[in-house]
Amino acid sequence: MRDAENVGDEPLVVNVDEVVEEDNRDPRNPRFGSFDKILTPGMRERGGRLGLVLTRVPPGRTACPFHTHTHEDEIFYIISGRGVLRYGDTLVSLRPGDCVSCPAGTGVAHQIANNSEEDLCYLSM
């Protein structure tokens, strides 16, 4: 058994293939929901303030409602599929390789939706 004062000495390394995908679809609303792999387990319990999630959004869905952040910036990196970013009153088409920055404290709401026929996969931090 490890000493309590040594907790956190080991690096936090995970392989995406070994992370269980969580089903976060909303059964009450077929437009909302995604499948997520949390790639930074144990980060918060060690005092960390960042997180990285691999999100897979099925066609016709969005992972979350149109929303803002007051204290946390949010970044999305599109890995595969196509979608649309709603940023305030602006709509922007998204494709693999796009990186979206949503600064906190602006009051501008954002949302990513999958308006294509294939899964949309992205990293969010």
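**Cysteines, strands and a core**

The sulfur of Cys 121 lies 15 Å from the closest cysteine sulfur, in Cys 64, too far for a bond. The model is predicted: local features need pLDDT of at least 70, side-chain atom pairs count only at pLDDT 80 or more, and totals for chains, interfaces and linings use all residues. Residues are numbered from 1 along each chain as its sequence is written, and side-chain values use heavy atoms, with hydrogens and water left out.

**Exercise 1.** Find how many disulfides there are, and explain the result for Cys 102.

*Solution.* Start with the rule: a disulfide is a pair of cysteine sulfur atoms within 2.5 Å. By this rule the count is zero. Now take Cys 102. Its closest cysteine sulfur belongs to Cys 99, 9.7 Å away, so the pair is too far apart for a bond.

**Exercise 2.** Decide whether Cys 102 and Cys 121 are buried or exposed.

*Solution.* Buried means under 20% relative accessible area, exposed over 50%, and partly exposed in between (1.4 Å probe, protein chains only). Cys 102 has 2%, so Cys 102 is buried. Cys 121 has 16%, so Cys 121 is buried too.

**Exercise 3.** Identify the residues of the largest nonpolar core and the strands that each supply at least two of them.

*Solution.* A nonpolar core is a set of buried Ala, Val, Leu, Ile, Met, Phe, Trp, Tyr and Cys residues joined through side-chain atoms within 4.5 Å. The largest has ten: Val 57, Phe 76, Ile 78, Leu 85, Leu 94, Val 100, Cys 102, Ile 112, Leu 120 and Tyr 122. Strands are DSSP E runs of at least two residues, numbered from the N terminus. β4 (74-80), β7 (99-102) and β9 (120-124) each supply at least two core residues.

**Exercise 4.** Trace the pairing from β2 to β3, then from β3 to β9.

*Solution.* Two strands pair if DSSP finds at least two bridges between them. β2 (residues 35-38) runs antiparallel to β3 (residues 53-57), with four bridges. Here Lys 37 faces Leu 54. β3 and β9 are also antiparallel, with five bridges. Thr 55 sits opposite Tyr 122.

**Exercise 5.** State the strand order of the open sheet of three strands and why β6 and β8 are its edges.

*Solution.* The order is β6-β5-β8, with antiparallel pairing. β6 (90-94) and β8 (110-113) each have a single partner strand, so one side of each lacks a neighbour in the sheet. Next, check one pair: β5 (residues 83-87) and β8 share four bridges. In that pair, Val 84 has Ala 113 as its bridge partner.
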